[in-house]
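The following exercises concern contacts between chains and between domains. Please examine the sequence and the model before reading each solution.

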Amino acid sequence: MNQSAPALHIRCQMQQPIVVDISLQVRGFTVLLGVSGAGKSSLLKAIAGLLPAQVSPYGDSAVEQRPIGYLPQGYALFPHLRAWENVAFPLPRSAHRHTDALALLQRVGLEDLANRFPSELSGGQKQRVALARALARKPQLLLLDEPTSALDMATRDEVLDELVREVCEFGIPVLAVSHDPHLAMLADHMAILRDGRIVQEGDPGEVFARPRDVAAARLLGFRNFLSGQIAGSEHNSRLQVAGSGWQMQAGWQPGLSLGTSVQLAVRAEDIYLQETGATHCCPNPLSVQVKACRKEGLSMRLYLEGPTLLEMLLPRQQAEDAQIAVGDFLKVCVQPRHVQIIR
Amino acid sequence: MQSADHGPGFPAYRMTASFDRFRWMGSALAGLVFVFLLAPYAALIFATDWHDFHLSEGDVDAIRTSLLYSTLALVISVLAGTPLAWWLAREHGRGKWVFDALLMLPLLTPPLAIGILLSSFYGPYSPVGSLFSHVGVYLTNTPPAFVLAQIYAGMPYFIIAARAAFEGVPRELEQISRTLGRNRFQTFWRVTLPLARIGLSAGVALSWVRVMGEFGIVLIVAYFPEGIPVKLWVNLEDIGLSAVYPLLWVFFLVAVPLPLWIGLRARRQTQAMF
C-alpha cells in the first residue's frame, strides 16, 4: 500500500433512493466494490451533493461549492463543446483560460485532440477529457463511477493503468465505485459495500486473500465454496477441513477450534491438473469428473463433479495438452495457501 | 426468374428486388403527398397578375404592423414561455399532469373561440379589462390588444416545443455542470439552453408562423390595427382576389425566411453534434 497516498475520511448517511450508511477511509486510489444495485452510484451522487444525504466532509456546502470532482458512468461530456471547452468549463473567464485547458489536456496526453467534439473521441479519450475537466477545479476528492464500464476489452487494461497513474499524479484521494474486482486489484485501498454498509475494508492484498463472507468472496471472484468443519491442525501452520466425502488443508487461522463450521473458498484459476506421471505431490487432491466445459477466450472453464461441484479455469497451454472432454476423470490439486477459510 | 432451387444467391436477390420495389413505391407515394401539399401554391403563381403586380392601399402599414407586433409578441412569448416550459420539463411532482392537460386547452380551442374568450376576459366591461383601462391600457382594437391576441396564438406552441426540447437535455449533464462549480442559472445558460437550442429554435419558428398568420383571435380582439391576415381578408372583401395575391406574396416573403433559416441551421448543428 502506498503509505504516502493522500487520505480522507468520508461518512455518508442516505435514506433515498437507497439506504446507505457508510464510514470509509479514502486513501490514494480507493475502490469501493459492490454488486449492481448496491447503491454505489447513489452514494457517489450523495457525496457530490446531487442527492440528499448527511455527508462529511463538505456536506454543508452547495453542490457547486464542494471541492469534489465527479466522473459519472459514460463521462457526461458536454456534446456541444469541444474537448478543450469541456475542460475549460469549470475555469473562470480569463485571458489564459484556453491555455490552462490545453495544459490540463496535455497532462492527460490529449492536447492534439483539443478541438474535437466528444462524438469524435473514443471511450478512453472521453474518459481522459472528463478527468481533465474534473481536475480543472483542483478538487480535494475525485469520485469515479464505474470507470471501466464504458471501456472496450481491447484497451481496458491499458486505459485503466493510465487512469490510475494519472489520478495518482494529481495527488488527490480518489474514490472509484465498481463491480469489477480487476479494478480493485489496482487500488491502494479497497472496501466492499453490501446492503448499504461497508462489510470489509483494507489493503487489496488482504481483502482478496481473506474475504469476510461468501458474498464478499463472490464479489472478489471466488467461484468455489465448500461447507465443512475444522478437523485438525498441523503445527499452527495449516488447518485440516473436512466435508462430506472430502478433506482439504488450508492456511492457518487463529481462533478456529475443532468442529467449527466453516466455508472454504477457492478461485477457479487456483485449481490445477495433476500432471500425468508427475512424481511431486498433489496438495489437496480431488478426483473429479468433467461434466461440462466452455471456452473462455484462450482459457477453458471446466465444470467438475467430485465430492462437491467445482469450477476450474484451465490455461490455454494445459487445455491444449490435456485434450479434456466431457466425461473424463481427472485428478486436480489446490495449494493450501489458496484455500481461504470463511467463518 | 430465378427460383429458390437455383442457388445460394437467390434469397439475397429476392430481398433486393422486393426492397427496390418497396423503395420505388415509397418514393412515388412521397412524391404524390408532396405535390398534394404544394399544388395550391402553384395556383398562386399562375393566378397572380405579374403584369400588374402592386400592393393595395394600406398593405404597407399592415406589413409594418404585422412585423413589428409579431416580433414583440414572439419575444414576450419566448421570455415568458421559457421558464414555464423548463418547469414543466423538470418538475415531476404529484398533480403536474393537470398543468400538462390545461396547457393543451389553448391548442385545442378554435382561434375564434379564444378571441371571444379574450374579449370577455380583457374587454372593457370585464373586471380585468377595466383594471387595465385604469392605467391607460385598452385591450380591444389597440396595439396592446393585437400583441395580446398574437401571444395567445403563438405562446402555447412555443411552450410545447420548448418543453420537449428541455426534456431532451440529459439531466446528468446539468448535474455535472453543478459539480463543476456552476450554479443553477449558469448551468441553464451554458448547458441546458445550448443543448435545447434545436428544439427551442423549432418552437420559435412555429410560434413565429402562428403569430404572423393568426387571423381568428386577432379578428375578434384587435381588428385594428390591421395586420397582414386581417388585411388579406379586407382586400378580398373590398377589392377582390387580385388584391390578395401581392400581399400574400409579401407575407410569404417576410414570414417564411425565419423558420426556414432556423430549420436549416438546426439541421446542420444536429449533424455536427452527433
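**Exercise 1: Two domains of one chain**

Across the interface of domain 1 and domain 2 of chain B in this predicted model, the rule finds zero residue pairs in polar contact, counting pairs with both residues at pLDDT 80 or more.

Task: Describe the contact between domain 1 of chain B and domain 2 of chain B.

Solution.
1. By class, the side of domain 1 of chain B that touches domain 2 has four nonpolar residues, no polar and no charged ones.
2. The count of salt bridges between these two domains of chain B is zero.
3. The assignment places domain 1 of chain B at 1-47 and domain 2 at 55-273. Each of the two domains gives four residues to the contact.
4. About 390 Å² is buried between the two domains of chain B, and carbon and sulfur atoms give 88% of this area. Within domain 1, Tyr41(B), Leu44(B) and Ala47(B) lose the most area to domain 2, together 89% of what that side buries.

**Exercise 2: Two chains**

Task: Describe the interface of chain B and chain A.

Solution.
1. In this interface, 18 residues of chain B are in contact with 23 residues of chain A. Thr179(B), Leu180(B) and Arg190(B) supply 32% of the area that chain B buries against chain A, more than any other three residues.
2. The area buried between the chains is about 1900 Å², with 63% from carbon and sulfur atoms.
3. One salt bridge is counted between chain B and chain A. Arg178(B) forms a salt bridge with Glu64(A), where the closest N and O atoms are 2.6 Å apart.

Notes: Residues numbered from 1 in each chain as written. Chains lettered and ligands numbered in written order. Predicted model: local features only at pLDDT ≥ 70, side-chain atom pairs only at ≥ 80, totals over all residues. Heavy atoms only, no water. Contact = heavy atoms within 4.5 Å. Buried area = accessible area lost by both parts, 1.4 Å probe. Salt bridge = Lys/Arg side-chain N within 4 Å of Asp/Glu carboxyl O. Domains from an automatic or database assignment. Polar contact = N/O pair within 3.5 Å; in protein donor to acceptor, adjacent residues only side chain to side chain. Nonpolar A, V, L, I, M, F, W, Y, C, P; charged D, E, K, R; others polar.
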